[in-house]
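Reader: I've just opened this one and I'd like some help finding my way around. Could you take me through it feature by feature?

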Number of protein chains: 2
Amino acid sequence: MREGRPVSSNLLTLAEIEAARERIAAYVKRTPVLTSDGLDAVTGARLYFKCECLQHLGAFKVRGATNAVFQIPDADAARGVVTHSSGNHGAAVAGAAAHRGIPAYIVMPEGTLRPKLAQVARLGGQITTCAPTQAAREAAAARIAAQTGAAFIHPYDDRRVMAGQGTVGLELLEEAPELDLVLAPIGGGGLISGLSTVVKAVRPAARVVGAEPAGADDAARSLAAHELIPLTEAHTIADGLRTSLSADTFAHIEARVDQIVTVSEAAIVAAMRVLWEALRVTVEPSACVPYAAIAEGKLDVRGKSVGVVLTGGNADLDKLPWFSAA
Amino acid sequence: MREGRPVSSNLLTLAEIEAARERIAAYVKRTPVLTSDGLDAVTGARLYFKCECLQHLGAFKVRGATNAVFQIPDADAARGVVTHSSGNHGAAVAGAAAHRGIPAYIVMPEGTLRPKLAQVARLGGQITTCAPTQAAREAAAARIAAQTGAAFIHPYDDRRVMAGQGTVGLELLEEAPELDLVLAPIGGGGLISGLSTVVKAVRPAARVVGAEPAGADDAARSLAAHELIPLTEAHTIADGLRTSLSADTFAHIEARVDQIVTVSEAAIVAAMRVLWEALRVTVEPSACVPYAAIAEGKLDVRGKSVGVVLTGGNADLDKLPWFSAA
C-alpha cells in the first residue's frame, strides 16, 4: 500500500461487494472458519482459517464466477460464457452457467490436474485444452468467443469477479471481527483486490498481506517497482498462482495491500502437510502459501489475531508432495 | 432392532443427552454438515455428512469424554482420570482433563498411529503403552487407577460417554430434520447407542444403521445371534473399530438400531479416497465405513435423505492406503 496515494475512483467499493453477496447467496456456501490450538501454540498467534476449500467445488472461485455469470444481460446469456483457467475458476464458471442454464466453454492448459478436469466435465463445461501459457489460453478463449458469441469471464481481470471474491472477506470479518492481519495468496490478484477492499472498509485497523511463491513473485516485484511487471516464467507447485497480475488488480494491490511476502517451495510443501494434519482439510498447494509465510518467519504474527483464506481444496490425492520424501 | 422388544428402563434417555449437550457446550464445536452434488449424483441419495473430523481434536470422542470428565464429583476430580484408547478417546480425555485442570493417564496400545500419540502428549496426557489387546489395555488402566485413585472413563462402556456421543445426533437432526436414514460406524458401540437414542426420540421415522468392517463384525454377529459375541480378532484398517461391544451398548443396539451392515477392506480404502476428494476432509479409515457400505451396495439409499457421521479425521498422512496402489 503506497502511503499517501490517492484512492482511484476506479477501485472496487464495499457496496459492490455487498451487492455481489446478495446476488450469489443462493449458490455459495458460508464456509466454516476453523481454528487449531496446536497451530496457535506453534505460531504464537490466534489463527482463523476461512475454509474456502469447503466451498462448493472446493474453491472460493465460485464466488466471483457466479457474480459474473449472473450479471450477463438476459439478451446475451443464451450464447453462453467462456473462460480460461488452470482449474478452479473453470469449474466455477461451468457450475454457475449450469445454474443459469447456459453453455460454458472452458479453456484449460495442458498439465491441469486430473480432478480439476473431471470436475469441469461433470458440470457440463465444454473443455478445450491449450498450451500452458498465458498467450495460448487467451488466444483459445478469444477464438471460442468469436465463434460462439459467448461472453468472456476472465479468471481475475474482471470487476464482477473481483467483487464476488471479496465476499469471502465479509464472512471472515463477521466470524472474527477483531483481526489484526488478513492473509491471502496472490495469483492474478482477483481475490486480494476484493478482500482488501472489504478489510480496509470494515476493519481499517487490520493489515492486508499477500503471499506468493518466490517462483512466481510478480506481485512482490511489481509492488516494489511501483509498476506492473508481468510474470514470464513460474516455478512453483502452487498451480493456482502461476498467473500475472492485471493492471486493475495491481491498482488495488498498490492502494489497499500493505505488504507482500514470498515463500520457498519447501515451505509450501511443509505447510500443506501441517495444515492437513492440524485442520483435517485437503488444502491444495496454492492455499498453503500464506501459512507457509508464517511458518517461514516472513511475518511477525506473535500475539496477533490473523485471518487466513484457505483458497481451495482440490489437491491431487495421487501426488502428495511430502510423500516421496517420507 | 428387535421387533416387539420392550424398551429397557436402563437405556439412555433423550433428556440425558440434552443435559450432556448443555454440560459440554463450551468445549465442543457444532461441526459443519457437508454435502456433495457429486456424491449425490453417484449414489442417487441426498447425503448429509456430519463432520466430526472437524471437531476439536479431530473426532466426536471429545463429546463423550468431556461429558464424563465434567460429571466426576469435585471431591474425586483432583486424583485425575484414566482411560485406555487406540487414540481419539485418549486425546479427548486428556483434553477434557486439561480443561478441568486435573491429571489424565492414557493407556495406548502399541501400534497406535503416531499423530494420535503426539496429540495426547501435547494435551498433557501421561501416556502408558501396552500390548494391543483388550485385556492388556484394561489391566494397565486398572493398575493406574489403583495406584493413583484416578477415575476410570471407559471409551464407550460408560453411560456418560454414550450420552455425550449422542449429542452429535441432536445437531445432525437440526441441520437435516427430514432424514430417512442415519448411518454411523460401530466400534464399541458408544456413538451409535447415543445417536440411536436421539434419532428414535426426535425422528422416529428414520432408520438407524450401523456399519462395521467385515474383519471386525462383532456387532453384526451379536445382533444376528441376539447375544453378545465378543470380538476375538480384528482384521481391518479401521483402527478405531477394533473393539468389542459391551453389554450396555449391545442392549442399545438391540433396542434401537435397525440394521448392521459389513464392508470389505477394499471398500473402506476406496471410500476414503472418494470422500477426501469429494469433501476435501481427511477422514480416517474408521469414519469411511458407512460410506463404504453405500458404495458397496449394502444399503438401498436411492431417493433417500441420509445422514452419515464422519467420526474422525486423524489419518496417518504418511501412510495413505491408496497410494501404494497408484
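Author: Happy to. To compare two copies, you superpose them by least squares on the C-alpha atoms of residues with pLDDT of at least 70 in both. Bear in mind that this is a predicted model. Here, chain B lands on chain A after a rotation of 180 degrees with 0.0 Å of shift along the axis, and the RMSD is 0.0 Å. The two copies are thus related as by a two-fold rotation axis.

Reader: Which residue of chain B comes closest to the rotation axis?

Author: That's B:Val281, whose C-alpha sits 2.1 Å from the axis.

Reader: How many residues does each chain bring to the contact?

Author: Chain A gives 19 residues and chain B gives 19 residues. On the chain B side, helix 6 (114-122) and helix 12 (265-279) each supply at least two residues. Helix 12 of chain B has the largest share, 3 residues. Sorted by class, that side of chain B has 10 nonpolar, 4 polar and 5 charged residues. And 100% of the interface residues of chain B are interface residues in chain A too, so the copies meet through the same surface.

Reader: Now the sheet. In what order do the strands of chain B run?

Author: First the general idea: strands of a sheet pair through backbone hydrogen bonds, either parallel or antiparallel. In chain B, 6 strands make an open sheet in the order 1-2-10-7-8-9, with mixed pairing. Strand 1 (33-34) and strand 9 (259-263) of chain B are the edges, each pairing on one side only. Strand 7 (residues 181-185) and strand 10 (residues 305-310) of chain B pair in the parallel sense over 3 bridges. As an example, B:Leu183 has B:Val308 in strand 10 of chain B as its bridge partner. Helix 10 (residues 218-225) of chain B packs on the sheet, touching strand 8 (207-213) and strand 9 of chain B.

Reader: Is helix 8 of chain A buried or exposed?

Author: For helices in general, an α-helix has 3.6 residues a turn, so residues three or four places apart point the same way. In helix 8 of chain A, 15 of the 17 residues are buried, so this helix is largely enclosed by the rest of the structure. Helix 8 (residues 159-175) of chain A reaches 26 Å from first C-alpha to last, close to the 24 Å expected.

Reader: And why does A:Ser193 count as buried?

Author: The cut-off is 20 or more other C-beta atoms within 10 Å. A:Ser193 has 31 C-beta neighbours inside 10 Å, so it counts as buried. A:Ser193 lies in helix 9 (residues 190-202) of chain A. Beyond its neighbours within four places in sequence, A:Ser193 is in contact with A:Leu12, A:Met162, A:Thr249 and A:His252.

Technical notes. Residues numbered from 1 in each chain as written. Chains lettered and ligands numbered in written order. Predicted model: local features only at pLDDT ≥ 70, side-chain atom pairs only at ≥ 80, totals over all residues. Contact = placed C-beta atoms within 7 Å. Helix = DSSP H or I, 4+ residues; strand = E, 2+ residues; numbered from the N terminus. Nonpolar A, V, L, I, M, F, W, Y, C, P; charged D, E, K, R; others polar. Expected span 1.5 Å × (residues − 1). Buried ≥ 20, exposed ≤ 12 C-beta atoms within 10 Å, placed from the backbone. Pairing = 2+ DSSP bridges. Axes fitted to C-alpha atoms, helices over the stretch in contact; angles between N-to-C directions.
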